[in-house]
Amino acid sequence: MAAAVDGLRIVRPVRQHRRVPRQVAILVVTVVLCAIGWNAVGYARLRLAIVAARQHLRNVEPLQAAESLRRVSASFPECAEVEFLLGVANRRAGRRGEVESHLARAEQLGWDPRAIKHQRYLALFEIGDFKRAGPYIKQLVAEGGNDDDAEEACEALIRGYFAGLLFREAELVIDYWHQWQPLNPRPLLFRADAAVLLHNLSSEIAAYREILQFAPQHYETRMRLAQALLENHDFGEAFDLLEGCARERPDDPSNLIGLAACLEQRAELPQAQERLEQALRYPLSPSQRAVVLSLEARMAVSARRQEEAIDRLTEAVKLVPDDLANIYSLAQALLRAGREAEGQKYLARWRELKKIDDRLDEIRDVVLRDPDNADLRCEIGKLLIAKNSENVVGVNWLLSAVMRNPNHRPSHEALAEYYRSAGREDLAQKHQLAAQTADTGQQPVGNSVTTIP
């Protein structure tokens, strides 16, 4: 429509706008408000996960911290704090091969570089790289700072000395920490860990008893003491401890499984079965599930239900493929049932694993005398992975060998093979390249403090 001329003024016709239907307007507003609300709910979920993860870390529960963070990491891939805390949680959980990828991502997303550097030094020391990380960690302890940082430094020192099999040095740090914080159970729990590594059950039990003198209600200590007493066949005291823990935390299936083990030893089979059925109502880890199945198998054997025992043990061995006791029990059950070929297969597997364990026992004393021997560390790592392809401890032994000798070709090759089978092609290629350049004089992998193999 042409514009009309009114003197010197151009008068344009009024354009008739089509009115938006009321229902459409309401729908648009609703969608916008829902989007805003959804973002707010998502952000709230993120903050709750971060708060929960930090609390788990304060409570020395790194696996729970990592799980809390993983629930939101896919929805918030650009959150630097989540990536940083995943690096911290993996380090403190002993998953040292998983640390650097998260720290590097946090660095890329703009997280505090000083905090990232701090975590990298802690991780380096924990895998035994004393040369690069030692001065930083020791200065951190000497300077003091807040209690959380000092405790974290003590923890890294002890773990690093454990990795280096330097138990005297670790004991000095434990003593220092215990004198500084005499009512803190953590240094004495590390003393118990040292006893476990040295296969000294009496010293392990003594460490727990020392904690209970000043912290008689400390839950973790009571649980760990109960497990040690079960191993020592002291079922009476173990049962009393587990009953108390079960009253305090009735939703912890570990208590119920431990009580069932005590009752099974006392031939109170109906009561043991009742505890196991209660435990099965809760989510169980593979190792917990395997213990339940093993106990059910033993009770089935007592009742002469051989096929049921075989079914239970077969499932238990699938869950924990390096449990010698379950493999041997399964082999014997199959042979008793006349299933000769299957029984001999599991018996051969048991002999293979027993041979590995015997070799590990043989090496242990040698490596204690020569802790910097990369060949021995590599052999231990490969043996542990041969027992169980998902063995994180075996990977840490291989990493410790690389720390002592960055050009150690067998360790890099074993790490490349492990990471490739685990689906971590980025880490596999890194160690494959290191293996190829090990004897060429080129720069080895892991030679800067910003890189952890």
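How exposed is Leu368, in terms of relative accessibility? In this predicted model, Leu368 comes out at 30% relative accessibility, so it counts as partly exposed. As for where it sits, Leu368 belongs to helix 18, the stretch covering residues 340–369. Leu368 also has company at the surface: together with Leu197 and Leu198 it makes up a nonpolar patch of about 230 Å².

Another leucine worth a look is Leu109, which turns up in a loop, with helix 4 (99–108) on one side and helix 5 (113–126) on the other. Its relative accessible area is 24%, and since buried means under 20% and exposed means over 50%, Leu109 is classed as partly exposed. Once the neighbours within four places in sequence are set aside, the contacts of Leu109 are Pro77, Glu78, Cys79, Ala80 and Glu83. Take the last of these: Glu83 is 26 residues away from Leu109 along the chain, yet the two C-alpha atoms are 8.9 Å apart.

Next comes the second largest pocket, which holds about 540 Å³ of space. Its lining is built from 18 residues, and the ones nearest the centre are Arg54, Arg92, Asp148, Asp149 and Glu152. Four elements each give two or more residues to this lining, namely helix 1 (22–58), helix 3 (80–92), helix 5 and helix 7 (147–163). The top contributor is helix 7, with 5 residues. Helix 5, then, shows up twice in this account: it helps line the second largest pocket, and it also follows the loop that carries Leu109.

Two loop residues stand out for their backbone angles. His233 isn't a glycine, but its phi is positive all the same, near 60 degrees. This histidine lies in the loop that links helix 11 (219–231) to helix 12 (235–248). With a relative accessible area of 60%, His233 is exposed, because the cut-off for that class is over 50%.

Ala267 tells a similar story. Here phi is about 65 degrees, again positive, and again the residue is not a glycine. The loop in question runs between helix 13 (253–265) and helix 14 (269–279). Ala267 reaches 59% relative accessibility and so counts as exposed. By contrast, the two leucines described above, Leu109 and Leu368, are both in the partly exposed class.

Technical notes: Residues numbered from 1 in each chain as written. Predicted model: local features only at pLDDT ≥ 70, side-chain atom pairs only at ≥ 80, totals over all residues. Heavy atoms only, no water. Buried < 20%, exposed > 50% of the residue type's maximum accessible area, 1.4 Å probe, protein only. Contact = heavy atoms within 4.5 Å. Patch = residues over 30% accessible without salt bridge, like charges linked within 9 Å, V, L, I, M, F, W, Y side chains within 5 Å. Areas by Shrake-Rupley, 256 points an atom, 1.4 Å probe, with all protein chains shown as cover. Salt bridge = Lys/Arg side-chain N within 4 Å of Asp/Glu carboxyl O. 1 Å grid on protein atoms, 1.4 Å probe; cavity = no way out; pocket = protein on both sides within 12 Å on 5 of 7 lines; lining within 4 Å. Points joined across faces, edges and corners; volume = space filled by probe spheres on them.
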